[in-house]
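These are my notebook entries from a first reading of the structure, kept in the order in which I looked things up.

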Amino acid sequence: MFSIASAPAKQSVGETIDVLSGRLSSATLLEDRRAAILGLRSFAKDYPASVASGALRSLIGSLSKDGEDVDTVKVVLETLLMLFNPNEDSPEASEEIALWLADEFTQRQENITLLLDFLETNDFYSRLYSLQLLAAILSARTERTEECIFTAPLGIPRLVSVLDDQRDAIRNEAIILLTYLTPTSIEIQKLVAFENAFERLFAIIEADGALVEGGRTVEDCLILLANLLRSNSSNQALFRESGCMNRLADLLGRVLKPQTDGSEIASWAAAQRNRNVYAFLAVIRLFVVRGSAGTSLNQTAIWKHGLAYHILQLAFSHEAQTQIKAEALITCGDVIRQNAPLQETFAQMMVLSPLAKTGTADGQASQGEKVFVIDGLLDLTLCLQDLQEFDVRFAAAECLQAYFARHPAVRLHFLGRAIEGHQSGANESSNVLTVLLQPSVESSDPYRQWFAAVITFHLLHENSKAKSEAMGLTEGDSEDGEEVVTAIQTLSAHVTSGLRRGDDTRVLVGYLMLLLGWLFEDLDAVNDFLAEGSNVQSLIQAVSQPPAIGGGEIVQGLCTMLLGVAYEFSTKDSPIPRATLLSILTARIDRDVYLDRLSKLRSHPFIRDFEVLPQKLDASSPGRLPDVFFDREFVEFFKDNYSRIARAIDREPGMEISVVTNGVQKGVSRELVDSLRSQVEEKQNAVNEIQEKLAVLQGQLGQEQADHRRSKETAALEMQRVKTVNEGLQKHHSEELRKLQGQLASKENDQRKQVAQLQSQYSIKENEYQKQIAQLRSQQTAQESDHQKQLEQVRKAAEAEAEKIRRRTDAEVADLKANISRLEVVLMKSQKEYNALQLQRKNEIDMQREKYEKVLGHLRQEYEDFKTQSKAKADEKQAKFKEELQSLCDRKDAEIDAYREQSQVDLEQQKLKTKEAEEKCQSLEKQLSGGEAGKKDLEAKLKKMESELSAANKAKDAAEKQLSESKEAAKEETRKAREATENKLQESNEARETTQSELDDLLMVFGDLEEKARLVELGETVSDGEDDDDEEDDDDDDDDEDDEESENNNDEKEETKQKPKAKK
């Protein structure tokens, strides 16, 4: 009589999520929806796939439905953010989830617009979470998100306006989002800039402490500023015109001010300050990119506002970090490069001497000695020996190269000062010529000579005047009995001795680069080089030997190219004649070896990959020299002239190169000789052709002269005879003419009267026919327009019906797919629970296997009933679809038949009117047949009327043809719509069958697992007799209900076991 209540079955995670998702989608009260969202939020971190598959669209819909409730919006946004960032140890964590979520947001414009709408609220969490969610979507689907934000109403202005928020968290998130949004899209960059973004960013930088005291926010603002300015000329122009250059100068000026309190800066603060300054310099360099259209204007603006002066002072500051000074020097070079007025003014600036002491005895920084900037750059490049200062030295050399780039006058002035200083012996340590011609033996720094060679190479390259002036530089005094040696011979001697001693590759590369740039296209320099025969022998010996370890291939390649340049620009009057030099090269160096050395140099990584290799010190290898061997200008020079020098060994010695130096042509131009030879041959051929044509023309002239004499005599006789005959005919003709004129006058009077009568009759008839034809044409045009409108209406109705059926079918397919995805998630969760239960109660499950099979049979029977009902519903829906399709087709066929009958009636009426017009034409022809004199004119006009009638008949035929085509098109469209609808119905049935089969399997597994889990949780063991009782209960529950109650009173244990079965 009494039953013992059992504990309720535990609900799985998947079931809980499904219940919460259903409650969220169906709840009508705000409190119920909020409670469901709170429940889903608790599962979002650990089960993102399950929550997203069941409740993502409901969560997005809740943002739209409950957008005015701040608490609900906060919870929803938190849940969505958790889905984008699940726990790393979650079994469902995957990158594909973020892509799926981003697709759901970006495939519908209104979803992104909804998030942008929350930026207009003043609620802290609504703004913050919306920005974070937009950033997460942008990182997953960048292009789609950019497009959605760009096309959203006031999307960019609303994002930029968030920069004015005084709450740091929201403002910083807006900066980060705009930074990710602006790197690539030029249009988005323009929109952000025109929303007064520059002023807002500068205000944030000032509020956060500027460059000196600012934190990561200042760096983010500078990065965003760089995104807006990079390769965007319109934004750069707006930046200049809005006075922002002055703001930049003010920011950098505060960095240079010494600290008055004397307090030390923490290491992390100093590191952040350096990062801020480095980002600031990177922004400046965006204005002075080489080759950009607005670079010249930007250079002038930077110089005008004093920004260049501050950058230069930062570069020579003793307190600045090495990387900061290097970046500042490179920025200075970019500011003045290829701008003649700035290059000339740059040399007058004063800076702190880099070699002066950096402090006083009390530890305070001193003002230091002031020097001109060019002297300071030379000191940095040539006098610093510390390896850690390499980047500063390299940047100083780049700044010097920018100083005299594309400015011949500055080059000559710099070279003249260097020659004067070398000859006077003053300031030897920072004179590039002294470093090259008189290198220090004790110096262990290979880059001192390398930098000097690179600077001199830039002075002489493609500058014939500078080469001529450098040719006058000599070593030794003849008055004291010393041998006078030119600069080229001195440099060649250093190369020769360096090859023999095995000097550092960088030193040899520097000398060889300089000699190549000097000797190229300079015949006097080549002759000076060849005047010392040992130079060629040393180079040949270096090329012919096997390459040494390290930079051997580089040195051999450069030596080979130097030999090729010497031969290419040598002449027969050179100290080593051109023919002799070629014989030496071919005898001592094989042609294949020559080309092999050049090709290896061309394919060497330092040449091949120069543009991508960093030309700086490698911080990961302290104490090791950097892999910097070449200069950018030399690499371009080598690549441009590689093919020419490689082909030089194949040219004949007699073919010399013509070079124009300082307006004077030197050497013999083989191009000029070839052109002259070709011109002589062409002229000789032209003379021969003209002589042959002249002989032919002379023969023709003689023959034509003889024929002319004979024809002249014959023509004279014929003229006499014709003259006599003509006189007789004129007399007879005058008499006949008088007679005919009288007859003609009388006939013309009669004809005029008849023609006047016929013309009046014809004009009357013609007016009548024109009116009839105009009426027929207007009627035909009206009928055609009516037919076309009816056909268009029929086609649109058919398309609308087909589209309606297609959408309904697509919706059903989408619902089935959603059910499949949900059931797959349920299956996965159930499988995991099943594995856990199987490990715990494996023995008990084995003992009750037979009982499970019986229960499974019962479930299958129930499933078969469910399947039969589902199939009947599907067949009923399919039959309904077919009936709708058939009714649509019948209705369209009836409309087409009615349209066809109406068209036939219209055609019959048109035919009758045409026949009446033909009869009228025939009667008119009979009336006009009496006029013989104007018959031809009337026939022509009648033919014109017939042509117009034929045109009307053709128009009628065209209308009939168009009508028939429209009928066929209507039938074809109806047939296609019917086939498309049938195909979609068939696909829907196939998808339904597939889904039904998957549902069968899933229900079977789920039912089996649910029964096992329930029995295992109860911890009961069922005997064979009890199994028989369960079978009897399953077969006939109603008949044995009273017996079971009596047995339950007798046996309490048996009643407890049978109670769950009865509940089932």
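**Entry 1: a glutamine and its surroundings**

I began with Gln189, which I found in helix α11, residues 186-193. The model I am reading is a predicted one, and I keep that in mind for every entry. I asked whether Gln189 is buried or exposed. Its relative accessible area is 1%, and because buried means under 20%, I noted Gln189 as buried.

I then looked up where its side chain goes. The side chain of Gln189 reaches the backbone oxygen of Thr182 at 2.7 Å, and it also reaches the backbone oxygen of Asn227, at 3.2 Å. Leaving aside residues up to four places away in sequence, I listed what Gln189 touches, and among these residues are Pro183, Leu228, Arg230 and Asn235, besides Thr182 and Asn227 themselves.

**Entry 2: the nonpolar core**

Next I looked up the largest nonpolar core, which has 220 residues. Those with the most contacts inside this core are Leu159, Phe239, Phe280, Phe346, Leu519 and Phe630. Helix α29, residues 505-519, gives the most to it, with 11 residues. As background I wrote down that nonpolar side chains tend to be buried together in soluble globular proteins.

I followed one of these residues further: Phe346 touches Trp303, Leu312, Ile336, Val373, Ile374, Leu377, Cys399 and Tyr403, again not counting residues up to four places away in sequence.

**Entry 3: salt bridges**

How many salt bridges does the structure hold? I noted 36, and I looked at three of them.

The first I took up joins Asp69 and Arg34, with the closest N and O atoms 3.1 Å apart. Asp69 lies in the loop between α3 (48-65) and α4 (70-84) while Arg34 is in helix α2 (residues 30-44), so this pair ties together parts that are 35 residues apart in sequence. Arg34 is partly exposed, at a relative accessible area of 22%.

I turned next to Arg644 and Glu568, whose side chains meet in a salt bridge at 3.3 Å, N to O. This pair links distant parts of the chain, with Arg644 in helix α36 (residues 632-648) and Glu568 in helix α32 (residues 552-568), 76 residues apart. Arg644 counts as partly exposed at 22% relative accessibility, whereas Glu568 is buried, with a relative accessible area of 0%.

Lastly, I found Arg216 and Asp220 meeting in a salt bridge at 3.3 Å, N to O. Both lie in helix α14 (residues 216-229), 4 residues apart, which is about one turn of the helix. Asp220 is buried, with a relative accessible area of 17%. Salt bridges that share partners join Arg216, Glu219, Asp220 and Arg275 into one network.

How values were computed. Residues are numbered from 1 along each chain as its sequence is written. This is a predicted model: local features need pLDDT of at least 70, side-chain atom pairs count only at pLDDT 80 or more; totals for chains, interfaces and linings use all residues. Side-chain values use heavy atoms; hydrogens and water are left out. A nonpolar core is a set of buried Ala, Val, Leu, Ile, Met, Phe, Trp, Tyr and Cys residues joined through side-chain atoms within 4.5 Å. Buried means under 20% relative accessible area, exposed over 50%, partly exposed in between (1.4 Å probe, protein chains only). Helices (H or I, at least four residues) and strands (E, at least two) are DSSP runs, numbered from the N terminus. Contact means heavy atoms within 4.5 Å. A polar contact is a pair of N or O atoms within 3.5 Å; within protein, one must be able to donate a hydrogen and the other to accept it, and residues adjacent in sequence count only if both atoms are side-chain atoms. A salt bridge is a side-chain nitrogen of Lys or Arg within 4 Å of a carboxyl oxygen of Asp or Glu.
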